[in-house]
Amino acid sequence: MTAVPERTSALGDAADQRTPRLTIGEVLGVLRDDFPDVTISKIRYLESEDLVHPQRTPSGYRKFSRADVSRLRYVLAAQRDQYLPLRVIKDHLDALDRGEPLPAGTGATAPAPPASTDDAGTTVGPPLTAEQFARAAGLEPGQLADCVQFGLLTTDADGRHPVSDLPVARAAAGLARHGIEPRHLRVYRTGVEREAGLVEQLVAPVLRARSEEARTRATEKLRELATLSAQLHTALLEARLQELLRP
């Protein structure tokens with residue numbers, strides 16, 4: 001495999017050419033202090049979305065420049081702090097690369113308040129308006145309304161959305177790009193409610209205990225059961241879909 005020519009980036013400089021390049025594992029180590037949730041899979045996904053352009057060695061290994069790391073920081077910060085979808089972030093980066101001001105109407109108005117992550121890895125922060133939430137998730141207003149109508153998302157009394165629902169909304173947005181509409185996703189909601197009922201039966205006796213130690217044990221058990229349930233769901237779905245590929 002031949003090395004891919006490097007693309008210029010507004011987030012680099014002349015000294016960048018003389019700086020040793022980093023492997024993807026080294027980039028992960030550089031970013032983890034500021035973005036503890038970032039993973040190698042996430043970095044690869046951002047590359048596949050044309051947001052970062054590392055060089056490839058003849059053997060196919062990625063080599064990241066300082067400009068590449070700066071682009072990754074820009075993308076991750078825009079997602080975390082402004083809830084911008086990747087298509088908007090890409091518009092920003094493309095404009096910067098061309099030396100142009102940021103495009104109007106791509107997240108510059110009605111900024112969302114900052115969010116953070118709690119000890120369980122859940123996104124926390126003030127609730128978002130429908131406009132902020134839709135932009136952060138990459139949903140059209142009509143798609144967001146459908147997600148609420150079909151029970152995938154909820155709102156408070158003022159019509160605002162909890163930021164903890166963003167992972168659900170972003171998944172719905174991704175599926176919508178493949179033609180799967182919110183009305184088709186009710187089966188997921190039904191399945192989750194059944195799984196949650198099963199888990200509740202297992203931890204309810206511990207949750208009824210008054211001691212802090214017992215509630216801590218229940219919380220740990222809930223997390224473990226949630227992880228195992230997700231693993232089982234993924235494994236079963238992948239096995240079923242693999243059947244479609246068999247001759």
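Which pattern does the protein follow when it is read along the sequence? In this predicted model, the order of elements is α-α-β-β-α-α-β-β-α-α-α-α-α, and the protein has 9 helices and 4 strands.

Before turning to individual helices, it helps to look at the protein as a whole. The chain has 247 residues, of which 29% count as buried, and its accessible surface comes to about 15400 Å², with 55% of that surface belonging to carbon and sulfur atoms. If we take the contacts between residues with a separation of 6 or more, 57% of them are accounted for by residues 24 or more positions apart.

The next step is to look at the nonpolar residues inside. The largest nonpolar core contains 21 residues, and the members that touch the most other members are Leu31, Ile43, Leu72 and Ile89. At least two residues of this core are supplied by each of four helices, namely H1 (24-32), H2 (40-48), H3 (66-82) and H4 (86-97), and the largest share, 5 residues, comes from H3. Leucine 31 gives a view of this core from a single residue: once its neighbours within four places in sequence are left aside, leucine 31 is in contact with Val38, Ile43, Val69, Leu72, Arg73 and Leu76. Apart from this core lies another one, of 17 residues, which includes Leu128, Phe133, Leu144 and Cys147.

How do the helices that supply the largest core meet one another? We can begin with H1 and H2, whose axes come within 10 Å and cross at roughly 105°. An angle of 65 to 115 degrees counts as roughly perpendicular, and H1 and H2 are therefore roughly perpendicular to each other. On the H1 side the contact is made by Ile24, Val27, Leu28 and Leu31, and on the H2 side by Ile40, Ile43 and Arg44, so that Leu31 and Ile43, already named among the core members that touch the most others, appear here again.

The pair H3 and H4 can be read in the same manner. Their axes also come within 10 Å, and they cross at roughly 140°. Only angles over 145 count as roughly antiparallel, and H3 and H4 are therefore oblique to each other. The crossing in which H3 passes H4 is right-handed. Where these two helices meet, H3 brings Arg71, Tyr74, Val75, Ala78 and Gln79, while H4 brings Leu86, Ile89, His92, Leu93, Leu96 and Asp97; Ile89 is thus found in this contact as well as among the core residues that touch the most other members.

Methods: Residues are numbered from 1 along each chain as its sequence is written. This is a predicted model: local features need pLDDT of at least 70, side-chain atom pairs count only at pLDDT 80 or more; totals for chains, interfaces and linings use all residues. Side-chain values use heavy atoms; hydrogens and water are left out. Buried means under 20% relative accessible area, exposed over 50%, partly exposed in between (1.4 Å probe, protein chains only). Contact means heavy atoms within 4.5 Å. Accessible areas come from the Shrake-Rupley method with a 1.4 Å probe; for residues, only the protein chains shown count as cover. A nonpolar core is a set of buried Ala, Val, Leu, Ile, Met, Phe, Trp, Tyr and Cys residues joined through side-chain atoms within 4.5 Å. Axes are lines fitted to C-alpha atoms, for helices over the stretch in contact, and angles run from 0 to 180 degrees between N-to-C directions. Angles under 35 degrees count as roughly parallel, over 145 as roughly antiparallel, 65 to 115 as roughly perpendicular and the rest as oblique. A crossing is left-handed if the near helix is turned anticlockwise from the far one by less than a right angle, and right-handed if clockwise.
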